[in-house]
Amino acid sequence: MRRLTVFWFLFSHSFLYRFLHTGVMSDVRVTEHPARIGILLDYSAGRLLFFNAERGLVLFTIRHKFTDAAHPAFALEKAGVLTVCTGMELPEFVKRS
C-alpha cells in the first residue's frame with residue numbers, strides 16, 4: 001500500500017472547526033454548530049465541499065486536480081453515533097454553483 005501524500009479533513013472541537021490539507025491547516029468560521037455535515041466530491045470538476053447538510057451552508061471548499069482514487073474516512077473523537085448516508089440527491093445550492 002502506498003503512503004498517502006495528499007489528504008483533506010475537517011475536524012472540530014466544541015465550536016472550533018479546522019480544515020487540514022496535506023499539512024496546511026486553516027481555521028473554518030462556523031456561526032452555528034451543524035448537526036449534520038455533508039461532503040461532496042466532484043472528482044471530474046476537481047472540487048471537494050464540506051457543508052452544513054441541514055442549512056445548505058458551505059463550510060469549506062477546495063479545488064484539486066484528482067489523479068488517483070479518493071478514499072473517504074470518518075472518525076469520532078469520542079464515543080458516539082456516526083451515520084454515513086450515500087447516494088443522496090445533490091442539495092439545491094450545489095446544483096446552482
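**Exercise 1.** How many helices and strands does the secondary structure of the protein chain contain?

*Solution.* The model is a predicted one. Counting the elements gives one helix and six strands. Placed in sequence order, these elements follow the pattern β-β-β-β-β-β-α.

**Exercise 2.** Determine whether the radius of gyration of the protein chain agrees with that of a compact globule.

*Solution.* Begin with the chain length, 97 residues, for which a compact globule would have a radius of gyration near 13 Å. The protein chain has 14 Å, and therefore the value agrees with the expectation. Along the principal axes, the C-alpha atoms fill a box of roughly 35 × 35 × 25 Å. Buried residues account for 23% of the 97 residues.

**Exercise 3.** Describe the open sheet that contains strands 4, 5 and 6.

*Solution.* First, establish the order: the three strands run 4-5-6, with antiparallel pairing. Next, identify the edges: strand 4 (37-42) and strand 6 (57-63) each pair on one side only. On average, neighbouring strands of this sheet are turned by 15° against each other, direction ignored. Finally, examine one pairing: strand 5 (residues 47-52) and strand 6 are joined by six bridges in the antiparallel sense. For Phe50, the bridge partner in strand 6 is Phe60.

**Exercise 4.** Is Phe9 buried, partly exposed or exposed?

*Solution.* Locate Phe9 in strand 1 (residues 8-13). Its relative accessible area is 35%; buried requires under 20% and exposed over 50%. Phe9 is therefore partly exposed. Leaving aside residues up to four places away in sequence, Phe9 touches Arg18, Phe19 and Leu20.

How values were computed: Residues are numbered from 1 along each chain as its sequence is written. This is a predicted model: local features need pLDDT of at least 70, side-chain atom pairs count only at pLDDT 80 or more; totals for chains, interfaces and linings use all residues. Side-chain values use heavy atoms; hydrogens and water are left out. Two strands pair if DSSP finds at least two bridges between them. Helices (H or I, at least four residues) and strands (E, at least two) are DSSP runs, numbered from the N terminus. Axes are lines fitted to C-alpha atoms, for helices over the stretch in contact, and angles run from 0 to 180 degrees between N-to-C directions. Buried means under 20% relative accessible area, exposed over 50%, partly exposed in between (1.4 Å probe, protein chains only). Contact means heavy atoms within 4.5 Å. The radius of gyration is taken over C-alpha atoms; the globule rule is 2.2 Å times the number of residues to the power 0.38.
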